[in-house]
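This briefing covers one protein chain, with its points grouped by topic. The sequence and the model come first, and the notes follow.

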Amino acid sequence: LISRYPFWTAFRRFLSHLHILSGSSSDLPLERWISHLLLTVPVPKPGLQAIIVPLPTLNGPMVLSMPPTKDLPIVDLPFQRLLACLDVPTIVTVVLGFLALERKLIVMSSRPSLVLDVCELLKALLFPFDLCAPYVPRLTEPFMS
């Protein structure tokens with residue numbers, strides 16, 4: 001799922017919902033759920049009320065919200081993931097020694113699902129600055145050699 005909005009946890013819930021629906025008999029086709037998300041659900045405005053999308057197959061709804069514009073960066077990921085993968089001195093070295101100085105950095109993992117999360121969390125630690133260098137959180141197989 002690709003989006004310009006950082007709602008990773010909410011989108012992960014939505015994909016889990018679609019996965020459950022694909023294995024069961026549902027009144028609505030999967031395409032209807034996808035078109036509903038893309039065409040009907042509005043993007044929340046910063047600092048205003050959250051948008052709640054009910055997902056019948058899961059215990060709770062999908063919640064989309066954005067903090068106020070001058071608040072901390074929008075990161076819909078738990079920092080525990082970053083701290084579970086890297087120790088604090090390594091995180092400080094990466095953020096201050098590589099990202100802040102706009103040096104090249106490649107993040108690799110045997111678990112590809114962690115790469116995007118770790119990259120986004122490292123990028124969020126640059127706040128209030130933003131990364132100006134090209135940012136490709138995932139490379140396809142031909143580019144990995």
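Helices α4 and α5 each supply at least two residues of the lining of the largest pocket. The model is a predicted one. The notes begin with that pocket, then take up helix α1, two buried residues, the cysteines and the backbone.

**Largest pocket**
- The space in the largest pocket comes to about 790 Å³.
- Its lining is made up of 25 residues, and those closest to the pocket centre are L105, I106, V107, V136 and L139.
- Helix α5 gives the most to this lining, with 5 residues.

**Helix α1**
- Helix α1 runs over residues 8-22, which is 15 residues.
- Its end C-alpha atoms are 21 Å apart, and this agrees with the 21 Å that the helix should span at 1.5 Å a residue. The expected span is 1.5 Å times one less than the number of residues, so the count used for helix α1 is one below its 15 residues.
- The buried residues of α1 are W8, A10, F11, F14, H17, L18 and L21.
- These buried residues pack against two helices, α2 (30-40) and α5 (112-124), and against strand β2 (62-64).

**H17, in helix α1**
- H17 is found in helix α1 and has a relative accessible area of 0%, so it counts as buried.
- Leaving out residues up to four places away in sequence, H17 touches W33, L55, P56, T57 and L58.
- Of these contacts, W33 lies within the residue range of α2 (30-40), the helix named above as a packing partner of α1.

**D117, in helix α5**
- D117 sits in helix α5, and it too is buried, with a relative accessible area of 0%.
- The side chain of D117 makes a polar contact with the side chain of R81, at 2.4 Å.
- When neighbours within four places in sequence are set aside, D117 is in contact with R12, L77 and R81.
- R81 therefore appears for D117 both as a contact and as the partner in a side-chain polar contact, where the cut-off is 3.5 Å between N or O atoms.

**Cysteines**
- How many disulfides does the structure hold? The number is 0.
- A disulfide is a covalent bond between the sulfur atoms of two cysteines.
- For C85, the closest cysteine sulfur is that of C119, 11 Å away, which is too far for a bond because the cut-off is 2.5 Å.
- For C132, the closest cysteine sulfur is also in C119, at 17 Å, and this is again too far for a bond.
- C85 is partly exposed, with a relative accessible area of 37%.
- C132 counts as exposed, because its relative accessibility is 63% and the cut-off for exposed is over 50%.

**Backbone**
- Which residues does a cis peptide bond join? The bond lies between F127 and P128, and its omega is about 15 degrees.
- P128 is placed in the segment after α5.
- E102 is not a glycine, yet its phi is positive, at about 55 degrees.
- E102 belongs to the loop between α4 (88-99) and α5.
- With a relative accessible area of 48%, E102 is partly exposed.

Notes: Residues numbered from 1 in each chain as written. Predicted model: local features only at pLDDT ≥ 70, side-chain atom pairs only at ≥ 80, totals over all residues. Heavy atoms only, no water. Helix = DSSP H or I, 4+ residues; strand = E, 2+ residues; numbered from the N terminus. Buried < 20%, exposed > 50% of the residue type's maximum accessible area, 1.4 Å probe, protein only. Contact = heavy atoms within 4.5 Å. Polar contact = N/O pair within 3.5 Å; in protein donor to acceptor, adjacent residues only side chain to side chain. 1 Å grid on protein atoms, 1.4 Å probe; cavity = no way out; pocket = protein on both sides within 12 Å on 5 of 7 lines; lining within 4 Å. Points joined across faces, edges and corners; volume = space filled by probe spheres on them.
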